[in-house]
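Here are a few short exercises to work through with the viewer open. Try each task yourself before reading the solution.

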Amino acid sequence: MTFQPPEHHPAFEEYCETIFELAEDGVQVKQARIAERLGVAPPSVSEMIHRMVDVGLVKLAAGQIKLTSKGTDLATQVVRRHRLAECFLADVLGLSWTEAHHEAGKWEHIISGSVEEAMRKILDDPTTCPHGNPIPGSNYRAPEDAVVLSNLADGESFVVERITEELEFADGLLEYFEKAELKPGSEAQIKGITPAGIRKVEINGKNLEIDLFASERILVTSL
């Protein structure tokens with residue numbers, strides 16, 4: 001049965017989602033990182049986190065912010081609906097990755113359980129969003145041999161598995177990757193590495209450059 005939590009203010013949903021995604025990407029969840037991701041002032045984050053502690057959504061432990069079981073349930077629902085919405089907007093309506101990401105940020109707060117279930121069926125029960133991030137509650141299985149692109153050497157070929165959430169918030173990157181066809185399932189090869197760590201990549205006959213920040217956040221499997 002799909003979990004149906006009580007109604008929460010969208011701000012609580014947004015913060016729970018952000019904490020979930022930061023932890024999912026292996027980032028230490030601290031107020032500064034939340035402020036950076038959401039583009040809000042640190043004092044506002046501090047105030048919101050204290051409110052969320054009071055209502056039982058988060059707890060503070062060893063200098064980090066962690067979701068409680070209640071917060072995890074809420075975050076899981078919001079993330080699932082966001083990623084399903086991205087699939088629907090990109091795969092059915094034909095929106096670009098960037099447009100789908102921004103629109104899904106609105107849809108995630110208003111999709112009901114019945115609409116979520118209908119979307120899941122229309123999409124044939126997807127396991128990931130268009131960028132390869134897992135949809136909570138699906139049958140997603142992470143590839144055991146996935147590594148970040150920055151681990152590969154010059155000349156190695158690879159398959160793109162996942163473009164992590166952090167890159168979805170970097171200006172212009174989703175658009176750049178979509179146009180270059182750097183997407184889950186695509187095969188590519190490293191054609192050079194600069195002293196600054198920039199990967200020169202050939203994919204489907206196209207050449208692109210991926211800086212170190214991005215290559216440390218793209219999951220691939222070697223061919």
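**Exercise 1: strand partners**

In E6, Gln189 has Glu202 as its bridge partner. Keep in mind that this is a predicted model.

Task: Work out which residue stands opposite Gln189 on the E4 side, and how the strands run.

Solution:
- Start with the pair you already have: strand E5 (residues 187-193) and strand E6 (residues 199-203) are antiparallel and share five bridges.
- Now go to the E4 side. Strand E4 (residues 157-163) also runs antiparallel to E5, with three bridges joining them.
- Gln189 of E5 stands opposite Ser157.
- Put together, Gln189 faces Ser157 and is bridged to Glu202 in E6.

**Exercise 2: the hairpin**

Task: Find which residue in the hairpin of E5 and E6 takes a positive phi.

Solution:
- Look between the two strands: the hairpin has five residues there.
- Check the backbone angles, and Gly197 turns up with a positive phi near 90 degrees.

**Exercise 3: aromatic pairs**

Task: Locate the two aromatic pairs and sort their members into buried or partly exposed, using under 20% relative accessible area for buried and over 50% for exposed.

Solution:
- Take Phe88 and Trp107. Their ring centres are 6.1 Å apart and the planes make an angle of 40 degrees, a tilted pair.
- Place them in the fold: Phe88 belongs to helix H4 (residues 69-92) and Trp107 to helix H5 (residues 97-107), so this pair ties together parts 19 residues apart in sequence.
- Apply the cut-offs. Phe88 comes out as buried because its relative accessibility is 17%, while Trp107, at 25%, is partly exposed.
- Move on to Tyr176 and Phe177. This pair is tilted too, with 5.9 Å centre to centre and 45 degrees between the planes.
- Phe177 has a relative accessible area of 1%, so it's buried. Tyr176 has 34% and so counts as partly exposed.

**Exercise 4: a patch on the surface**

Task: Which residues join Ile122 in a nonpolar surface patch, and is Ile122 itself buried or exposed?

Solution:
- Find Ile122 in helix H6 (residues 113-122).
- Its patch partners are Val92 and Leu93, and the three together have about 290 Å² of accessible area.
- For the second part, Ile122 has a relative accessible area of 59%. The cut-off for exposed is over 50%, so Ile122 is exposed.

Terms used:
Residues are numbered from 1 along each chain as its sequence is written. This is a predicted model: local features need pLDDT of at least 70, side-chain atom pairs count only at pLDDT 80 or more; totals for chains, interfaces and linings use all residues. Side-chain values use heavy atoms; hydrogens and water are left out. Patches are made of residues with over 30% relative accessible area and no salt bridge: like charges are joined within 9 Å, nonpolar side chains (Val, Leu, Ile, Met, Phe, Trp, Tyr) within 5 Å. Accessible areas come from the Shrake-Rupley method with a 1.4 Å probe; for residues, only the protein chains shown count as cover. A salt bridge is a side-chain nitrogen of Lys or Arg within 4 Å of a carboxyl oxygen of Asp or Glu. Helices (H or I, at least four residues) and strands (E, at least two) are DSSP runs, numbered from the N terminus. Buried means under 20% relative accessible area, exposed over 50%, partly exposed in between (1.4 Å probe, protein chains only). Rings of Phe, Tyr and Trp (its six-membered ring) pair if their centres lie within 6.5 Å; planes under 30 degrees apart count as stacked, over 60 as edge-to-face and the rest as tilted. Two strands pair if DSSP finds at least two bridges between them.
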